[in-house]
Amino acid sequence: MIITKHTPLPKDFLWGASTSAYQVEGENLSHGKGPSVQDTKEIPAGTSGFEVCADFYNHYEEDIALMAEMGFKTFRFSIAWTRILPTGRGEINQEGIDFYSNVIDTCLKYNIEPLVTMFHFDLPDALEKMGGWSRRDIVDDFVNFARILFENYGSRVKYWLTINEQNMLTLVGEAIGTSDFTGVTNKVKKLYQDNHHMLLAQAKVMKLCHEMLPGAKIGPAPNISLIYPASCKPKDNLAAQNFNAIRNWLYLDMAVYGIYNNLVWKYLEEHDAIPEIEDGDMEIMKAAKPDFIGFNYYNTSTVEWDDGSEDAASGKVDQQSGATEKGVYKAFPNPNLLRTEFGWEIDPDGFRATIREIYSRYHLPMIITENGLGAYDTLTEDGKIHDNYRIEYLRKHIEQLKIAAEEGCEMMGYCPWSAIDLVSTHEGIVKRYGFIYVNRDEFELKDMKRYRKDSFYWYKKVIATNGEDLTD
Ligand code: BG6
C-alpha cells in the first residue's frame, strides 16, 4: 500500500493579508463615490468615522509596495459597490473603475495576485433605502455589479470572493451597522429572507464568473469557527450542534451543495421565518459551485443547552456572533482560553479543528481570508512598534494551519487581518490589526506616515521560508 505523505504547504501557497474598502480607503464621499450604509450609519461613540481611515485611496502605491517588501503573493481587498455604482445601479463612476484598475495593476507589477471581495458590509445606501437585501430585485443589482467587475477586471483578477461574512451580517448586523428593523415585526423572518437573497445572489454570481471567466476561481468568505459544547453533557453537545448549524453550516451547505441545513430549517419553522423561495431558486443554488472556500477565523465559541426558561435565556452574548438563542443554546465563556485586550478568546487549536471540520464536510481547498489580533499598539520615539503579542498570535495559528495541511486538509493560502491598520467595524482605529502602522489616532490625523511593525519583519521571514521559519 502506498502511504501518501502530505507536504506542509504547497509551493504556490498564497501568503498575504486582507483589508476592506470602507475600513481602509477613506475618501468615502468623494471622487464620485456614493454613500454606503457604513457612511450613513450612526458611528459608535468614541470612534472615528470612515472619512479618512488609513487613506489607502491616496497611499495605495506606497502601501502595496510595502506589501511587496513583505513578499506578499496575494492581497485581499474589497471593491466598494458605491465607488463603481454610486447608487448601486445605473450610471457607472469611471473614476471608481480607474481606481481599482490602478490598485490591481500595482499588485500585478509586484507579482501579487489580487484577491477581490465583491461585497464587504458596504451596501449602497440608495439600495438600502429601497429595502436593502429584503427586496428580491437586489439579486439582479448584485449580479449587475458583478458583471461590471468581471468585464473590467476579469482579465487581470483570477481569485474572487463573493460576500464577506454573510453569517455575521445575519447574526450581528446591528453591531456592523447593516440591519435596519424599522417596522419589522418578525426579525428572524426578515434576516433569513435577506439571507436567502444573498445566497441566491452569490450562487448567480458564481455561475456568471464561471461563464465569463473560465480561468478564474471564486468562493464565499463567511466567518467560520467551531462551536464547542460547554461540557460533556449530551444536551450541551446538542446545543453546540444547533449553533454550529445556525452560525456555520447553513452558509457553506448552501454555497457548496445548494441545500438548506435541516437544523436551521427546523429553527426557521419554529420562528415562523421560512423565507419565500421562488420556483427555480433551489436549482440555481444547487448548480452553482465554488472553486474553494474562503473563511475568516478569529476564535471559537462555546455554548451550553438552554431549556428556554426565563433565567436560562439571560446568557451573555459572545464577542463575535451573539451566541445566545433562547431555547436553543446559550453562550458560555470558555475558561480554558486566553483573551485579547478586546476580550476576544484566542484559540489556535480551534483553528485547526475548524479547518479539519470544514474539509471533512466539503472537501474543497481553503484559503484563510481573515485571522488576527486587534490591539492597542504603541509607536516608540525611534519609530518602532513592538507587537510581539501579534507575532505570538499569528505564529500559533500558522503552526496549527501547517499541522492541518499535514493532516491532509488542502490549504491554498493565508491572509490575516489586516495588511495595514484600518478602522474596526465598531471599535475605532486604535484597535489595530495591521503589519503596517498608520500614524494617526482615533480623532487626530497626525502625518499618516507608515511604519513597519516588528510583525512586518517577522511575516516577511515567514513568507520567504514558506512558513518553515516561524521564529522571531
Ligand atoms: C471581520 C470583518 O469580522 O472581523 C472585518 O470581516 C473586521 O471587517 C474584522 O474588521 C475584525 O473585527 P473588528 O470588529 O475588530 O473590526
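These legends go with a set of close-up views of a predicted model.

**View 1. The eight-strand open sheet, with its parallel pairing**.
Reading across, the strand order is β5-β4-β3-β2-β1-β13-β12-β7. The edges belong to β5 (217-221) and β7, each of which pairs on one side only. Ignore direction, and neighbouring strands of this sheet are turned by 25° against each other on average. For anyone tracing side chains here, a reminder: in a regular strand they alternate between the two faces of the sheet.

**View 2. Strand β12 (residues 366-370) and the strands it pairs with, β7 and β13**.
There's little of β12 left uncovered: five of its five residues are buried. With β7 (residues 293-296), β12 pairs in the parallel sense over four bridges, and Asn296 stands opposite Glu370. With β13 (residues 411-414), the pairing is again parallel, this time over three bridges. Ile367 has Gly413 of β13 as its bridge partner.

**View 3. Strand β1 (residues 14-18) alongside β13**.
These two run parallel and are joined by two bridges. Look for Trp15, which stands opposite Tyr414 in β13.

**View 4. A three-strand open sheet with a helix packed on it**.
Here the order is β6-β8-β9, and the pairing is mixed. The edge strands are β6 (227-229) and β9 (330-331), each pairing on one side only. Three bridges join β6 to β8 (residues 301-304), and those two strands run parallel. Pro229 has Val303 in β8 as its bridge partner. Helix α10 (residues 234-257) packs on this sheet, where it touches β6 and β8. The direction of α10 makes about 170° with that of β6.

**View 5. Helices α3 (residues 56-70) and α5 (residues 94-109), packed together**.
The axes sit 9 Å apart, with an angle of about 15° between them, so α3 and α5 are roughly parallel to each other. Their crossing is left-handed. On the α3 side, the residues in contact are Phe56, Tyr57, Tyr60, Glu61 and Ile64. They meet Glu95, Phe99, Asn102, Val103, Thr106 and Cys107 of α5. Sorted by class, that contact comes out at seven nonpolar, two polar and two charged residues.

**View 6. Helix α8 (residues 166-176), mostly covered by its surroundings**.
Eight of the 11 residues in α8 are buried. They are Gln166, Asn167, Met168, Leu169, Thr170, Val172, Gly173 and Ile176. What do the buried residues of α8 pack against? The partners are α2 (37-40), β3 (113-119), β4 (159-164), α9 (187-212) and α10. Just after the helix, Gly177 takes a positive phi of about 90°.

**View 7. Met198 in helix α9 and its contacts**.
Is Met198 buried or exposed? Its relative accessible area is 4%, so Met198 counts as buried. Leaving aside residues up to four places away in sequence, Met198 touches Trp133, Ile163, Gln166 and Leu169. Gln166 and Leu169 also turn up among the buried residues of α8. For a distance to check, take the C-alpha atoms of Met198 and Arg136: they are separated by 9.6 Å, while the residues lie 62 apart along the chain.

**View 8. Thr340, in the loop between β10 (338-339) and β11 (345-346)**.
Thr340 is buried, at a relative accessible area of 13%. Not counting residues up to four places away in sequence, Thr340 touches Ile346, Leu373 and Gly374.

**View 9. Backbone oddities: a cis peptide bond** **and two positive phi values**.
Some background first: most residues other than glycine have a negative phi, and most peptide bonds are trans. The cis bond joins Trp417 and Ser418, with omega at about 10°. Ser418 is found in the loop between β13 and β14 (436-438). His363 isn't a glycine, yet has a positive phi of about 50°. You'll find His363 in the loop between α13 (348-362) and β12. Asn466 also has a positive phi, near 50°, and lies in the segment after α15 (454-464). At 22% relative accessibility, Asn466 counts as partly exposed.

Definitions and conventions:
Residues numbered from 1 in each chain as written. Predicted model: local features only at pLDDT ≥ 70, side-chain atom pairs only at ≥ 80, totals over all residues. Heavy atoms only, no water. Axes fitted to C-alpha atoms, helices over the stretch in contact; angles between N-to-C directions. Parallel < 35°, antiparallel > 145°, perpendicular 65-115°, else oblique. Left-handed = near helix turned anticlockwise from the far one by under 90°. Contact = heavy atoms within 4.5 Å. Nonpolar A, V, L, I, M, F, W, Y, C, P; charged D, E, K, R; others polar. Pairing = 2+ DSSP bridges. Buried < 20%, exposed > 50% of the residue type's maximum accessible area, 1.4 Å probe, protein only.
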